[in-house]
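User: I am new to reading protein structures and would love some company on this one. Could you take a close look at the aromatic rings and tell me what surrounds them?

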Amino acid sequence: MKKAQHFNELAWVFAMVLISLAVCLTTKAGFGVSMVVAPAYTIHLAVHHFLPWYSFGTSEYVLQGVLLALMCLIIRKFNWRYLLSFLTAVIYGYMLDLWLFIFGGGEPFATLPGRIASLAAGIVLCSLAVALFFRTYLPQQVYELFVAQVAKSINWKAEKFKYIYDFSSLAVAVILAIIVSHRFEDVRFTDCIGIGTIACTVFNAVLINLFGKLLDKCFGFEAALPQLEKKLKY
């Protein structure tokens, strides 16, 4: 069967739309968010009490900006292309806030079946989005950049360092969630860390692999702008 032509750049656009929608849906499920975004979400819940404009999306790209600075200190290197990952994070942050606005804010859905369906859809869409990101040359968010560049600087495999990064994010999120839930009565620990966090951890890698195989079977991911591809590759 002949593969349908699917430009690389279009995959990035779909990935951005789907990843922001996926995070919105897991948030609306109210079972806890993924370990990757849990620190930003917990900080958002705390700061929002004092600064109502400090949205989840804002918290995401602010934290990724801090992570980018930390990465540059660790690897003792700066590349102008790193700023494109931060720009990607800002775009994602605005898209996340837009989805939350469309779905009625960050409060969980009212019914249990609706929350379960929202979590399941969020996990599936997140996995599909990541699989699409892996097939495009355009900049990903700082989370992925941090793992790739730090792992490279210490001569570790990215997959191995990813486990350390994920569990470090989880540990930070747990500590923040404990502090925030004790400080603010309307914030529950399970809003940040819960069964949804575990589900994301268990199923994401498996689904990313499955979606990746399906995408490679059905589509070709050629760049529509090969000159841009050469300039953006590290």
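Analyst: Here is a walk through the ring pairs, followed by a helix beside one of them and a patch on the surface. Please keep in mind that this is a predicted model.

Let's start with the pairs. Two rings are counted as a pair if their centres lie within 6.5 Å, and by this rule the count comes to 10 aromatic pairs. One of them joins F50 and F184, with 5.9 Å from centre to centre and 65° between the planes. Planes over 60 degrees apart count as edge-to-face, so that is the label for F50 and F184. Where do F50 and F184 lie? F50 is in the loop between α2 (38-47) and α3, while F184 is in the loop between α7 (158-183) and α8 (189-192), so the pair ties together parts that are 134 residues apart in sequence. Are the two rings buried or exposed? F50 has 57% relative accessibility and counts as exposed, whereas F184, at 8%, counts as buried.

A second pair is made by F146 and Y165, and this one is tilted: the centres are 5.6 Å apart and the planes are at 40°. F146 belongs to helix α6 (residues 142-153) and Y165 to helix α7, so this pair ties together parts that are 19 residues apart in sequence. F146 is buried, with a relative accessible area of 6%, and Y165 counts as buried too, at 9% relative accessibility. Ring pairs also link F146 and Y165 with W156 and F161 into a cluster.

Rings can have charged company as well. The charged end of K28 sits over the ring of F109, 4.9 Å from the ring centre. R115 lies over the face of F31, at 4.3 Å from the centre of that ring.

Now back to α3, the helix at one end of the loop that holds F50. The 20 residues of α3 (residues 56-75) should span 28 Å at 1.5 Å a residue, and the end C-alpha atoms are indeed 28 Å apart, so the two values agree. Among the buried residues of α3 are F56, Y61, L67, L68, M71 and I75. After α3 comes R76, whose phi is positive, near 55°.

Finally, let's visit the surface. F7, L10, V13 and F14 make a nonpolar patch of about 360 Å² there. V13 sits in helix α1 (residues 8-29), and with 42% relative accessibility V13 counts as partly exposed.

Notes. Residues numbered from 1 in each chain as written. Predicted model: local features only at pLDDT ≥ 70, side-chain atom pairs only at ≥ 80, totals over all residues. Heavy atoms only, no water. Helix = DSSP H or I, 4+ residues; strand = E, 2+ residues; numbered from the N terminus. Expected span 1.5 Å × (residues − 1). Buried < 20%, exposed > 50% of the residue type's maximum accessible area, 1.4 Å probe, protein only. Phe/Tyr/Trp six-rings, centres within 6.5 Å; stacked < 30°, edge-to-face > 60°. Lys NZ or Arg CZ within 6 Å of the ring centre and 35° of its normal. Patch = residues over 30% accessible without salt bridge, like charges linked within 9 Å, V, L, I, M, F, W, Y side chains within 5 Å. Areas by Shrake-Rupley, 256 points an atom, 1.4 Å probe, with all protein chains shown as cover. Salt bridge = Lys/Arg side-chain N within 4 Å of Asp/Glu carboxyl O.
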